[in-house]
Amino acid sequence: MPVAAVDGSAAVSRLPPAQTCARAVVLLIGTPGSLHWAFTMNRKFGSYASCLLILGSFGCRPVQSGQGGPGSDAGPPPPGIPAGLPPGSWLALDQQSDAPMPNQLPLEDAVVATFFGDDIPRASGGYTYAYGGKTGNRVLASSTPGNRAVFATYFDNDYAGVNISLGGKFIDLTPYRKTGSLTFWVKAGPSAQKFMVGLMDSQGGERKVQTKVSGDSYANLKQGEWVQCRIPLKAFIDDGMYWDSKQHREISAKMDWAKISDFRISINRDENKVAQGSPVIFYLDQIELTKTSKGIVDPDAYWDAFKSDAPDQLVTDFTRWADLWKGQHGNSADITVAVGPSPKNAPKAVHGQALKVDFKPGDWFDAYFQTPSATGLVNDWSKHYGVTVWLYTEKPYQAFDFVIQDRDHEMFLTKVGASRGWHQILIPFRSFTKFPYYQPPEAKQNNKLDLDGVFQFGIKPGGDVPGTLYLASIGVTNVRALAQEKAPAEALATFKADANKPGPKIPAIYGINVGLWAPELLDAASVRVEKPLNLGVVRYPGGLLSDEEDWQKTLKDHDFHIDTDEFLAWCESTNCKPMFTANVGDGTPERAAAWVKYVNQTRKGPKVELWEIGNEIYGNWHKYYEKWGKDGGVGYGKAVRAYVKAMKAVDPTIKVSAVWMLGGPWNQAVFKEVADVIDGVSVHHYAQNATSENNAGLLAASSEADSLMKSVRKQVEELGVKGKNYEIWLSEWNSVDQNPGPQILQHVNALFIADYLGHLAQSPIQIANLWALYNSRDKRLGDYGLLACNGDPQGTNFRRPSYWAFEMLANTLTGKSLQGTSDQESLSAFISRRDDGKLSLVFVNKSFETDFKTTLKVAGLDGEATVEVLTAENSGGLVGADAMGKSYPSTGPKSDKRRLGDGSVLVIPKASIVSVRF
């Protein structure tokens with residue numbers, strides 16, 4: 001599951017904890033007249049997302065490669081160019097390189113510091129270092145007249161990086177944080193595209209804090225072509241990470257901008273699709289820090305200064321050009337578009353007709369409109385601040401990406417949405433970011449949203465369940481904000497339930513994931529805060545790393561990793577049930593069978609009944625996708641069959657699951673191979689895409705959990721052997737699919753966790769495992785962990801809002817689920833009869849403005865109850881949106897006892913979780 005970049009300053013053999021659950025797959029789809037796009041996340045059956053937020057703005061321009069040869073007047077090579085490199089060394093792949101032409105190198109901006117000109121800064125004691133396997137670098141002689149050398153980097157296609165350090169010199173960038181830039185030239189080697197750029201300070205000892213951005217978002221790379229890349233310094237955030245060698249992980253910390261000492265270029269594992277055994281190569285030149293950034297378009301500054309008195313203009317009310325609206329989709333998705341009458345009760349401001357969009361989420365799908373064929377349509381949007389659109393949906397919340405291909409066919413998008421009913425949405429143009437994973441081949445890329453001649457616009461609906469939405473009255477406006485109707489401070493609600501009608505047993509939904517990289521798990525102080533969670537099934541050894549784990553080696557090494565013995569001893573001490581993920585990536589059926597034998601026959605202690613075969617092998621973010629997943633599931637299915645046979649030969653009582661997706665052809669391909677031998681399927685669900693977090697959308701997604709799992713159950717029954725009972729394991733779930741930001745540390749994530757668990761209690765699954773008990777901070781400084789790791793700014797074992805939500809539900813909503821409903825959409829309500837025969841109630845108020853004065857209508861309800869109330873003020877969430885900022889006290893829910901019965905009134909405060917135990 002979750003794998004973030006390892007940016008340690010020394011080579012590391014294993015991944016530290018910053019794990020991430022998903023990577024992106026870009027599918028290029030040819031359609032008549034244009035090339036369209038899709039972005040597939042592994043967490044679902046694959047809608048694309050509004051993905052990486054591109055901070056700031058940038059400029060890049062390709063140049064013709066310089067001409068010249070060994071005999072040119074480029075001058076002698078600078079000091080430090082190695083000679084006599086061993087045959088076969090990656091450093092010996094190049095004898096020289098072309099370079100940018102000298103007349104292209106000068107800048108209009110004053111230079112603060114140079115990391116590389118014709119050499120590294122040796123005068124100040126500068127040096128280079130690298131990490132990650134065979135990664136190396138060298139100063140390479142140039143064949144371009146007047147430009148003596150370039151800096152060549154050769155990366156192992158793993159988590160790897162190369163640094164240029166100024167040595168004993170520090171650069172103070174504090175005066176230039178808002179105005180300056182990092183500017184350099186870059187040329188890509190074969191199949192090299194993805195890279196990150198970082199700046200590092202030097203705070204003493206090994207504390208070198210790094211802040212970084214996605215470098216390829218600032219440069220349109222083509223193999224063999226030099227591109228100037230300019231990144232505003234304000235694109236680098238103040239929050240960074242440093243590598244702690246004692247803990248073998250990255251630790252969050254603030255940058256010291258007065259002590260900048262290093263430039264870093266780094267890559268993530270397998271993001272660049274180079275040939276096996278080949279390096280990922282980037283050539284760099286003229287790496288400089290500047291005081292100003294002349295010529296770089298700054299969207300924030302542009303829109304801050306934007307003034308226009310142009311009147312609002314209607315783009316379309318759907319009474320014309322109906323035939324120009326098109327829908328397109330992949331193999332597992334579906335979308336249809338049609339223009340017709342608006343749904344009933346349309347506001348007076350909605351004129352004309354509406355576009356009806358029916359969709360089933362899948363690999364890719366969208367609806368679009370191309371303007372050149374629409375004579376008379378307003379396509380010059382440059383004199384307006386934003387676009388407006390009316391949306392009608394019957395879902396609790398409907399998100400969608402609004403997508404623009406501008407004058408030059410560059411693709412930009414932003415994510416918006418609204419709740420049930422009719423709503424007008426204002427979409428400021430400043431909120432659009434360039435789609436970094438694909439651009440149409442005909443696009444002239446200047447990395448600026450050119451609105452004076454929009455070529456195409458459209459939408460891609462969000463969410464994981466099928467639906468219908470309507471769009472009406474699209475226009476452009478200079479209004480900066482729309483009037484919003486304020487919700488009441490208090491409203492009446494009613495909760496009705498039948499406590500006498502027996503319901504189904506609540507599944508084992510209070511499970512979690514633990515990774516072998518988090519030794520905090522075993523500390524005595526940790527166990528004291530872990531036990532109250534009342535954990536059920538605990539999954540080990542952790543996400544994507546499961547498919548690289550050699551359990552025998554880890555057991556033998558007995559290093560900081562949690563080995564099999566230590567984990568099972570912990571399970572015994574916390575009274576939870578273990579689940580193991582067997583390595584299908586570089587493992588073998590024999591090794592998996594030996595693991596079954598060891599834990600279930602050789603050692604004493606807890607036995608392991610539950611086994612998964614691999615993790616997310618269906619996605620190209622997986623290290624062994626080419627080996628097991630690229631064929632759509634056939635190869636993986638055959639492997640699973642061999643694993644099941646070997647493992648059950650040792651212990652026929654175990655249960656084994658196969659990796660599934662929430663839907664799509666993968667499931668059919670896998671079950672064709674294993675339906676007769678497998679015991680269940682494992683699926684993952686993450687409610688949002690990274691950088692597209694939205695509170696209303698998140699809280700609406702939690703209410704879809706049970707319907708999603710019902711969809712999986714339907715597929716199992718359709719594809720499986722008739723009469724065979726398959727289990728469904730939701731072995732990973734949380735609020736965001738990768739690289740979480742501040743939202744996951746805010747109180748809203750507690751509301752999401754509680755509501756999601758409440759709906760899972762009613763779903764047709766057997767097991768669910770939240771990601772994760774410990775994780776550590778990711779690049780955007782969010783943290784999936786319920787508990788903070790060692791070195792976290794909030795302190796070891798700081799209990800996050802999600803911890804309290806999980807703890808409240810796991811100790812309240814147990815036993816058998818009963819039928820209960822709230823008459824307010826923003827107030828979720830659940831009821832159960834515990835194994836001791838007594839009743840429990842849980843309420844989740846998802847409104848941030850309204851307290852619900854709730855009347856309990858439950859016949860026969862009467863008695864003293866313990867009432868616990870978790871609010872933003874006691875859940876430990878961030879006070880603001882700064883992931884490293886101040887938090888509310890993490891004291892947990894307030895508790896009191898009161899007598900409640902049929903007809904009693906219970907106030908559920910805004911944005912709260914309330915549990916009632918009789």
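**Exercise 1. The second largest cavity**

Which element supplies the largest share of the lining of the second largest cavity, and how many residues does that share hold?

*Solution.* The structure is a predicted model, and the cavity can be worked through from its volume to its walls. Begin with the volume of the second largest cavity, which is about 70 Å³. Next, collect the residues that line it: Pro541, Ser546, Glu549, Trp551, Thr581, Ala582, Asn583, Thr588, Arg591, Ala592, Trp595 and Tyr643. Then look for elements that return in this lining: strand E30 (577-582) and helix H5 (589-602) each supply at least two of its residues. The largest share comes from H5, with three residues. As a last step, sort the lining by chemical character, which gives six nonpolar, four polar and two charged residues.

**Exercise 2. Cis peptide bonds**

Find where the peptide bonds from Tyr540 to Pro541 and from Trp771 to Ala772 lie, and state their geometry.

*Solution.* Take the bond from Tyr540 to Pro541 to begin with: it is cis, with omega near 10°. Pro541 sits in the loop that runs between strand E29 (537-540) and helix H3 (551-557), and Pro541 is also one of the residues that line the second largest cavity of the previous exercise. Turn then to Trp771 and Ala772, which are likewise joined by a cis peptide bond, with omega about 10°. Ala772 belongs to the loop between strand E35 (767-770) and helix H12 (801-810).

**Exercise 3. Positive phi outside glycine**

Place Gln286 and Glu616 in the structure, and decide for each whether the residue is buried or exposed, with under 20% relative accessible area as the limit for buried.

*Solution.* Gln286 has a positive phi of about 50° although it is not a glycine, and its place is in strand E16 (residues 280-290). Because its relative accessibility is 16%, Gln286 counts as buried. Glu616, also a residue other than glycine, has a positive phi near 50°, but it is found in the loop between strand E31 (610-613) and helix H6 (625-628). Its relative accessibility is 0%, so Glu616 counts as buried.

**Exercise 4. A covered strand and its hairpin**

Describe how strand E13 (residues 239-244) is covered and how it pairs with strand E14 (residues 249-254).

*Solution.* First count the buried residues: six of the six residues of E13 are buried, so the strand is mostly covered. To see how they are distributed, recall that in a regular strand the side chains alternate between the two faces of the sheet. In E13, one side carries Asp239, Met241 and Trp243 and the other carries Gly240, Tyr242 and Asp244, and with all of these buried both faces are covered. Next comes the pairing, which joins E13 and E14 in the antiparallel sense over six bridges, with Gly240 opposite Ala253 in E14. Finally, the hairpin of E13 and E14 has four residues between the strands, and in it His248 takes a positive phi near 60°.

**Exercise 5. Two open sheets**

Give the strand order of the open sheet of four strands and of the open sheet of six strands, and name the edge strands of each.

*Solution.* The four-stranded sheet is open, has mixed pairing and follows the order E37-E27-E40-E43. Its edges are strand E37 (820-822) and strand E43 (905-908); each has a single partner strand, so one side of each is left without a neighbour in the sheet. Direction ignored, neighbouring strands of this sheet are turned by 25° against each other on average. At the E37 edge, strand E27 (residues 490-497) pairs with E37 in the antiparallel sense over three bridges, and Thr821 in E37 is the bridge partner of Lys496.

The six-stranded sheet is open too, but its pairing is antiparallel and its order is E36-E38-E39-E44-E41-E42. Strand E36 (816-818) and strand E42 (894-901) are the edge strands, each pairing on one side only. E36 and strand E38 (residues 827-833) pair in the antiparallel sense over three bridges, and Lys816 stands opposite Arg833 in E38.

**Exercise 6. Helix H12**

How many residues of H12 are buried?

*Solution.* Ten of its ten residues are buried, and H12 is mostly covered. Among them are Tyr803, Trp804, Phe806 and Glu807.

Methods
Residues numbered from 1 in each chain as written. Predicted model: local features only at pLDDT ≥ 70, side-chain atom pairs only at ≥ 80, totals over all residues. Heavy atoms only, no water. Buried < 20%, exposed > 50% of the residue type's maximum accessible area, 1.4 Å probe, protein only. 1 Å grid on protein atoms, 1.4 Å probe; cavity = no way out; pocket = protein on both sides within 12 Å on 5 of 7 lines; lining within 4 Å. Points joined across faces, edges and corners; volume = space filled by probe spheres on them. Nonpolar A, V, L, I, M, F, W, Y, C, P; charged D, E, K, R; others polar. Pairing = 2+ DSSP bridges. Axes fitted to C-alpha atoms, helices over the stretch in contact; angles between N-to-C directions.
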